[in-house]
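Q: Please take a close look at the salt bridges of this predicted model. Which residues form them, and where do those residues lie?

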Amino acid sequence: MPFVAAPARRSFVLITGASTGIGYATALRLAGRGIGVFAGVRSGAAAATLESAASGITPLRLDVTSATDIATALEFVGQRIGNGFLSGLVNNAAMVNPGPFETLGVDSVRRVFEVNLFGAIALTNAFLPLLRAAAQAGGHPRIANVSSIGGRIAFAFTGGYDASKFALTAWSQSLRMELRPWQIPVALIEPGTTRTAIWPKVAAALDRADDAEAQRLYPEALAAQRRAVAQLSRMGSTADRVACAIEHALCSRWPRSRYLTGNARVLRALAWLPDRWREALLVRVLRLPG
């Protein structure tokens, strides 16, 4: 009787925040490799767009701050992978709420942490049993956490976002050591300026931050920040360039622990400067008062 090889087990990846930008580009890139993609979205319109964009993409409603959504997604993914395995988790969902700390309020900053940090932790904890099962089956699972150059350098008026990314960096480092017994690498993706839909959202949020109190205290700084956002929105690398780094983190034989993309490679040099020098330089480049 001739030898018949067993069919290969299909590999699947879950990506959060896949409606647009980096998550969307990553879903397309991985689907192009024949990997099954579960794409976390928050609207029916985004789900329809992803389904029509490429075969092999399965959208699912997923708010990473909702314990119910996470539990539902876990059950759904567990059923749909069948004889395959979950080989990757991409924690990409994020939000930014810019403005002066003084007028933003604690609740606004807390919301940023709920999405950017606690949502990633909750989702990862829920899906670790599937990733561990993949490791035991020889599936070489990986985790990719999408941070930012703001996880190395804090900027004025995006302090809540930057603080959440600093925290995401620390968590990623700790998680990487904790998962060594199962050989589940954890990669940190650190994009620089990237042309995505986040910039119009930042501009809109800055307009909302321009209330009477913020305008009274920070009129020149808010105006400078709007100019900087308008300029940054026209600069930077494409979302697909970041998606390429995520693909390497998930699919290469030797994934790196950190991936700097675009101008993050240049901006990281600022982290090596003394605090006063770095902050004075940023104030001057961004034309902030003081």
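A: Helices here are DSSP runs of H or I with at least four residues, strands are runs of E with at least two, and both are numbered from the N terminus. In that sense Arg241 belongs to helix α10, which covers residues 239-251, and this helix is a convenient place to begin, although it should be kept in mind that the model is a predicted one.

A search of the whole structure finds eight salt bridges. One of these joins Asp240 to Arg29, with 2.8 Å between the closest N and O atoms. The two partners belong to distant parts of the chain, since Asp240 sits in helix α10 while Arg29 sits in helix α1 (residues 21-32), and 211 residues separate them. Asp240 has a relative accessibility of 34% and is therefore partly exposed, and Arg29, at 26%, likewise counts as partly exposed because the buried class ends under 20% and the exposed class begins over 50%. The pair also takes part in a network of salt bridges that links Arg29, Arg33, Asp240 and Glu247.

Arg241 has another setting: together with Arg256, Arg265 and Arg268 it makes up a positive surface patch. Residues enter such a patch only if they have no salt bridge and over 30% relative accessible area, and Arg241, with a relative accessibility of 45%, is classed as partly exposed.

A further group of salt bridges is built around Glu190, whose side chain meets that of Arg152 at an N to O distance of 2.9 Å. Glu190 lies in strand β6 (residues 186-191) and Arg152 in the loop between β5 (142-146) and α6 (159-178), so this pair ties together parts of the chain that are 38 residues apart in sequence. Glu190 also forms a salt bridge with Arg258, the closest N and O atoms being 2.8 Å apart. Here strand β6, which holds Glu190, is linked to strand β7 (residues 258-261), which holds Arg258, across 68 residues.

As for accessibility, Glu190 is buried, with a relative accessible area of 0%. Its partner Arg152 is partly exposed at 24%, and Arg258, at 27%, also counts as partly exposed. The carboxylate side of both pairs is thus supplied by a buried residue, because 0% falls under the 20% limit.

Note on methods: Residues numbered from 1 in each chain as written. Predicted model: local features only at pLDDT ≥ 70, side-chain atom pairs only at ≥ 80, totals over all residues. Heavy atoms only, no water. Patch = residues over 30% accessible without salt bridge, like charges linked within 9 Å, V, L, I, M, F, W, Y side chains within 5 Å. Areas by Shrake-Rupley, 256 points an atom, 1.4 Å probe, with all protein chains shown as cover. Salt bridge = Lys/Arg side-chain N within 4 Å of Asp/Glu carboxyl O. Lys, Arg positive; Asp, Glu negative; His and termini not counted. Charge placed at Lys NZ, Arg CZ, Asp CG, Glu CD. Buried < 20%, exposed > 50% of the residue type's maximum accessible area, 1.4 Å probe, protein only.
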